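Biologist: Please take me through one part of this model in close detail. I would like to see how a sheet and the helices beside it fit together.

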Amino acid sequence: MLHNDYQHIGGETVSTRTEAAALEQAGAEVKLVEVSNNALSSGSRLTSALRTLGTREGHEAVSSAIDEYRPTIVHAQNLFPLIGAGGIRAIEDSGIPWVRSLRNYRLSCLAGTHFRDGAPCHECRSSTTGLPGVVHGCYRGRAGSAVALGYAVRERRAAGRHLAGYIAVSEHVANELLPTLEPGLPVWVKPNAVDDNGHPSLEGGDAVAYVGRLDAYKGIDLVLGLARRLPNRQFLIVGRGDREEAVRAATQQAANIEWTPRMNPDEVLALMARARVLLVPSMWDEPFGRVAAEALSVGTPALVMDRGGLGEIVRGLPHELTVESSAEQLWSDKIERLFNISREETALLRQQCRARYEGAYTPSANAEALISIYRDALQRVG
């Protein structure tokens, strides 16, 4: 399993490591080969750009791993930027079948987000034709975007006949990226796994929770607006980000807002478990939405913006846990509805949230799905 880590560990890295551990727990022999972007933090911008555009480093790292471990199949997670085309060519040279995870929109957007200047953006048809993204400087300015465009072109050319298919973290990601993928190859949809570290609560509490980045694109301003609109409800906010000062000011102006910049994972899950509802009001198309699945793991309903893959996480659950816009009235109405249902209905809903987690997002369910995908991929290529 190959993964290019970011300089700051995020959801993709956590999900990749969870997948590897789940496969090992299921009896598979797994070797996770990680390359860190911390290597790009030293040296000049030119050095970083040349390393990103180059292919030798990625080729050497992947070739060495393949020679040492001789895998039956290679699972490529994030490849940007250091594994890239060089790593793909190393897999192709080995003749070993491989599959690729689609965890973001990198194949159709230089920034990997489809989000620019506070709004969704789809100006680029693919990252290999991403000139609008270079003009807008979507990836670390125009120079960085030009490097990202060159990277995308090289990576696309490197893929060959041993690529067996793609694994998308949501139906939305699969549909969004389909025009950019190699034609004729299957796209399996398999959501991320979430560790079962929580203690499900069937009662819930009297708070509204938000856990995540305190940034505009994550919808924190909507959360603050809802706290002002619902002064009789306690709002628990956990996270850091660009909007910290706005959150700090809100806590000083409103007695119903409590902000904790940092919590360890167990503390976060405990907070979620004692909340009546977790808000996930992302303004961009989240490819998955780990925090929503984490809420389900402790039995707490997640009220999510119906964008990207978020709606898929709460699919099939009662009480319409999706909201179609950022209108405060719609969100406050649904929050109040969850507070006003009976104790019995609350317990049933929380049971259903936990059941949704157990059926789709546990590491064991994830490993079972992955092993099935690998077998299918090997049959197709072999």
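**The sheet and its helices**

Modeller: Start with one pair of strands. β10 and β11 run parallel, and four bridges join them. One of the residues to find is Phe235, whose bridge partner in β11 is Ile257. Bear in mind that this is a predicted model.

Now widen the view. The pair belongs to an open sheet of six strands. Read across, the order is β11-β10-β9-β12-β13-β14, and the pairing is parallel. β11 (257–260) and β14 (322–323) are the edge strands. Each of these two pairs on one side only. In general, strands of a sheet pair through backbone hydrogen bonds, either parallel or antiparallel.

Next, look at the helices. α11 lies across β9, β12 and β13 (302–305). Its direction is about 165° to that of β12.

Then turn to α10, which spans residues 265–273. Asn264 caps the N-terminal end of this helix. A side-chain oxygen of Asn264 lies 3.1 Å from the backbone nitrogen of Asp266. Further along α10, Val268, Leu269, Leu271, Met272 and Ala273 are buried.

What covers these buried residues? Strands β9 (207–211), β10 (234–238) and β12 (275–280) are included in the cover. Helices α11 (290–297) and α14 (343–360) are also among the elements that cover them. So strands and helices both take part in covering the buried residues of α10.

Technical notes:
Residues are numbered from 1 along each chain as its sequence is written. This is a predicted model: local features need pLDDT of at least 70, side-chain atom pairs count only at pLDDT 80 or more; totals for chains, interfaces and linings use all residues. Side-chain values use heavy atoms; hydrogens and water are left out. Buried means under 20% relative accessible area, exposed over 50%, partly exposed in between (1.4 Å probe, protein chains only). Contact means heavy atoms within 4.5 Å. A polar contact is a pair of N or O atoms within 3.5 Å; within protein, one must be able to donate a hydrogen and the other to accept it, and residues adjacent in sequence count only if both atoms are side-chain atoms. Two strands pair if DSSP finds at least two bridges between them. Axes are lines fitted to C-alpha atoms, for helices over the stretch in contact, and angles run from 0 to 180 degrees between N-to-C directions.
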